[in-house]
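Visitor: I should like a close look at one part of this structure, namely its buried aromatic side chains and the interior around them. Please take me through that part in one connected account.

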Amino acid sequence: MSVPVPAKYIAEFEERGFGMFIHWGLYSQLQQGEWTMNLHHISKEKYQELFNNFTAADFDPKKIVALAKKTGMKYITLTTRHHDGFSLYDTCGLNEYDSVHAPKCGRDLVKEFVDECHKEGILPVLYHTTLDWVHPDFDDNFDAYLEYLRKSVEILCTNYGKIGGLWFDGNWSKRGADWKLDELYGMIRRLQPEAMIINNTGLSEQGKTGHPEIDSVTFEQGQATPMDREGMSKYVTAEMCQTMNRHWGIAKDDLDYKSPRQMIERLCHARKVGANYLLNIGLEPQGGITKITEALLEIIGKWTKMAEESLYEGKPSPIKCNHEKDFVLTKGEHAYAYVHDLPLLGPKDVVVAYESNEEGHTLEGVKGKVKSMHWVDNGEKLLFSQDGDKVSYRATGFYYGTHWIVRIAKIEFE
């Protein structure tokens, strides 16, 4: 059996490598996460207050896109409608439960977002729920609800120019139901033939492909595993989607933020197996960006700028590393070793360093004769020796005053 060749739009999406996920809606005003309506049993009357008070005064697509670019993110996935049924776009008469009809807003926020993405070369991907907590037909007349869902998605496919993808979420709420995906996906293929079609399989079925039109599997809050594409009818890619703390929507009392180390290492793991990393931010009640989000993304952006030569277009390599987390990407005629857990160098009375054997790093399965190796972050040449397809090298630690978390060694061949 053979591995299929990716369609051009899938290959280009895969090479974007790193994206921003944005969760924002009426629920953000309560700052208790995106599931607050359901889990906290918020009444329709209370939710109507959120609709009436929604201003989007702090929503600035220009600032959001600039932050994504500074972080090294190449695409943004925005929640155009979440499970509470409220839309950030003009639903064109399907209902009036949208940002255009919110009395203090009156803006098509998806249009503003997509226009800015197009202007700045960022791929806009549109998240859209498939379940709905407020639409009466979801439980009472499912076929009628699916028609409403298709018409909603059709608006996104026709009114906003070229979009990078549709990211669905919610089929797991009725696993045995007929969601009529042939009709939904067929409509997308007709109107947006190069849009990625992604349908989140949820926490319990990570990495499952599902419908043949799916272009990427998802790993919600999990670690992506290598895709076995042998015998597949089409090339399907993968995406790890994760939160910065424990919630997708903003939660003011959730202090459990991941460290830059954790997020950078997870980005590296995704690229190790050829997956994208989709990192979520929850916007403030009226669309602003929290200070901690900006600070953490700025740190990650420093790392991605250092790593950009191989991070996006580099492909997983069969070269094996003797340290479990380490891996190699190849790009053109070069290889790049991603090296973890190196110590900070300095006198023992000043630096707390964990054990690390600088001499104990090897690569196996190297094809070709290595000419040189050097760290990408500072250009330092590395000592190495080669015996057939095995290369042993001295992985120096970080000099005092620096720590890149994951170092990258560029390997050049004769």
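Guide: In this predicted model, Tyr127 is buried, its relative accessible area being 0%. Trp167 is likewise counted as buried, at 1% relative accessibility. The ring centres of Tyr127 and Trp167 are 5.8 Å apart and the planes meet at 20°, so this pair is stacked. Tyr127 belongs to strand 3 (residues 123–129) and Trp167 to strand 4 (residues 165–169), so the pair ties together parts that lie 40 residues apart in sequence. In total, the structure holds 23 aromatic pairs.

An edge-to-face arrangement is found between Phe138 and Phe142, with 5.9 Å from centre to centre and 80° between the planes. Phe138 is buried, with a relative accessible area of 7%, and Phe142 is buried at 16%. The ring of Phe138 also has a charged partner: the charged end of Lys174 sits over it, 4.3 Å from the ring centre. A second contact of this kind involves Arg229, which lies over the face of Tyr235 at 4.1 Å from the ring centre. Elsewhere, one aromatic cluster is formed by Trp24, Phe51, Phe54, Phe59, Phe86 and Tyr97.

The account now turns to the nonpolar interior. In soluble globular proteins, nonpolar side chains tend to be buried together. The largest nonpolar core here has 94 residues, and those touching the most other members are Met20, Phe54, Ile76, Ile188, Trp303 and Tyr338. Helix 7 (residues 142–158) supplies the largest share of this core, nine residues. Leaving aside residues up to four places away in sequence, Trp303 touches Ile264, Leu267, Cys268, Leu311, Tyr338, Trp404, Val406 and Ile408. Another core, of 19 residues, lies apart from the largest one and includes Val339, Leu342, Trp375 and Ala395.

A charged residue in the interior also deserves attention. Glu265 is placed in helix 9 (residues 260–272) and is buried, with a relative accessible area of 18%. Beyond residues up to four places away in sequence, Glu265 touches Lys325, His340, Asp341, Ile405 and Val406. Val406 is thus a contact of Glu265 and also of Trp303.

Empty space is the next topic. Rolling a probe the size of a water molecule over the atoms shows where empty space is left. Three cavities of 30 Å³ or more are found in a search of the whole structure, and the largest cavity encloses about 110 Å³. Its lining comprises 13 residues, of which Asn245, Tyr257, Ile281, Gly282 and Thr293 lie nearest the centre of the cavity. Strand 8 (residues 276–282) gives the most to this lining, with three residues.

Two points of backbone geometry complete the account. Most residues other than glycine have a negative phi. Ala56 has a positive phi of about 55° although it is not a glycine. Ala56 is located in the loop between helix 3 (44–52) and helix 4 (61–71), and at 0% relative accessibility it counts as buried. Gln221 also has a positive phi, near 60°, and is found in the loop between strand 6 (216–220) and strand 7 (237–242). Whereas Ala56 is buried, Gln221 is partly exposed, with a relative accessible area of 31%.

Technical notes
Residues are numbered from 1 along each chain as its sequence is written. This is a predicted model: local features need pLDDT of at least 70, side-chain atom pairs count only at pLDDT 80 or more; totals for chains, interfaces and linings use all residues. Side-chain values use heavy atoms; hydrogens and water are left out. Rings of Phe, Tyr and Trp (its six-membered ring) pair if their centres lie within 6.5 Å; planes under 30 degrees apart count as stacked, over 60 as edge-to-face and the rest as tilted. Helices (H or I, at least four residues) and strands (E, at least two) are DSSP runs, numbered from the N terminus. Buried means under 20% relative accessible area, exposed over 50%, partly exposed in between (1.4 Å probe, protein chains only). A charge sits over a ring if NZ of Lys or CZ of Arg is within 6 Å of the ring centre and within 35 degrees of the ring normal. A nonpolar core is a set of buried Ala, Val, Leu, Ile, Met, Phe, Trp, Tyr and Cys residues joined through side-chain atoms within 4.5 Å. Contact means heavy atoms within 4.5 Å. On a 1 Å grid over the protein atoms alone, a cavity is a set of points where a 1.4 Å probe fits but cannot get out, and a pocket is an open set with protein on both sides within 12 Å along at least five of seven lines; lining residues have an atom within 4 Å of a point. Grid points are joined across faces, edges and corners, and a volume is the space filled by probe spheres set on the points.
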